[in-house]
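These are my notebook entries on one structure. I set down what I looked up, item by item.

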Amino acid sequence: MNSSKDSLVKRIAYVVLLYLFWQVPSIFLGIMPNVLRISSSMMLAAAFLLSSAIVIYVAYRIAFKYTRRSMIQKVGLRDIWYIVGGYVITVISDNVLMALNNLIYHQSDTPNNQMIRDSFMDANWMVTVLLIVESVLTGPIMEELLFRGVLFNLFFSPNKPVHRTILSATLFGLAHATDTV
């Protein structure tokens with residue numbers, strides 16, 4: 001079954017539901033700093049990991065449904081260089097943007113980064129570990145599957161890469177919009 005056989009409403013519903021479910025693991029992570037009992041923290045950690053796995057699985061299945069190809073590929077040396085180069089560029093641009101933020105808005109930190117520091121980093125060690133897992137592993141996998149895997153293949157044919165890229169980039173940007181003032 002390809003995207004032309006499913007109605008536009010059904011495809012939009014897939015994206016909306018995935019986006020909503022994408023938020024669920026963060027809810028469990030957000031509750032954890034307020035929990036004092038270790039058994040409750042362990043259950044929330046398990047719920048975080050399980051809900052992350054479910055979101056990843058569902059997004060993968062939807063992407064596979066529309067592409068009929070595996071999203072998992074071998075990583076070569078060239079890919080490693082892209083990752084390292086992307087990381088270096090990200091660190092440099094982050095420092096430039098932080099300097100501009102300080103210069104223009106007289107802020108040394110964004111409200112989002114301050115919220116993360118206040119809510120999570122001062123919490124127990126389990127919250128910190130799970131925040132790192134979400135930031136480094138589950139979050140990027142879910143984002144790639146949703147914004148590149150699903151969106152790239154749900155609304156436009158493969159021979160329209162500009163349309164696919166604009167849709168994916170626009171929705172990715174809107175999902176990550178933040179108030180830095």
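I count a residue as buried under 20% relative accessible area, exposed over 50%, and partly exposed in between (1.4 Å probe, protein chains only). The model is predicted, and I accept local features at pLDDT of at least 70 and side-chain atom pairs at pLDDT 80 or more, while totals for chains, interfaces and linings use all residues. Residues are numbered from 1 along each chain as its sequence is written, and side-chain values use heavy atoms, without hydrogens and water.

Entry one: Ile54. I found Ile54 in helix H2; helices are DSSP runs of H or I, at least four residues, numbered from the N terminus. Is Ile54 buried or exposed? Ile54 is partly exposed, because its relative accessible area is 45%. I also looked up its distance to Phe21: the two are 33 residues apart in sequence, and their C-alpha atoms are 9.1 Å apart.

Entry two: the largest nonpolar core. I take such a core as a set of buried Ala, Val, Leu, Ile, Met, Phe, Trp, Tyr and Cys residues joined through side-chain atoms within 4.5 Å. This core holds 16 residues, and Leu18, Ile62, Val150 and Leu154 touch the most other members. Helix H1 (8-31), H2 and H5 each give two or more residues to this core. H5 provides the largest share, seven residues.

Entry three: Val150. Leaving aside neighbours within four places in sequence, I list its contacts (heavy atoms within 4.5 Å) as Val15, Leu18, Ala59, Ile62, Ala63 and Leu145. Apart from the core described above lies another, of ten residues, including Met32, Leu44, Phe48 and Leu130.
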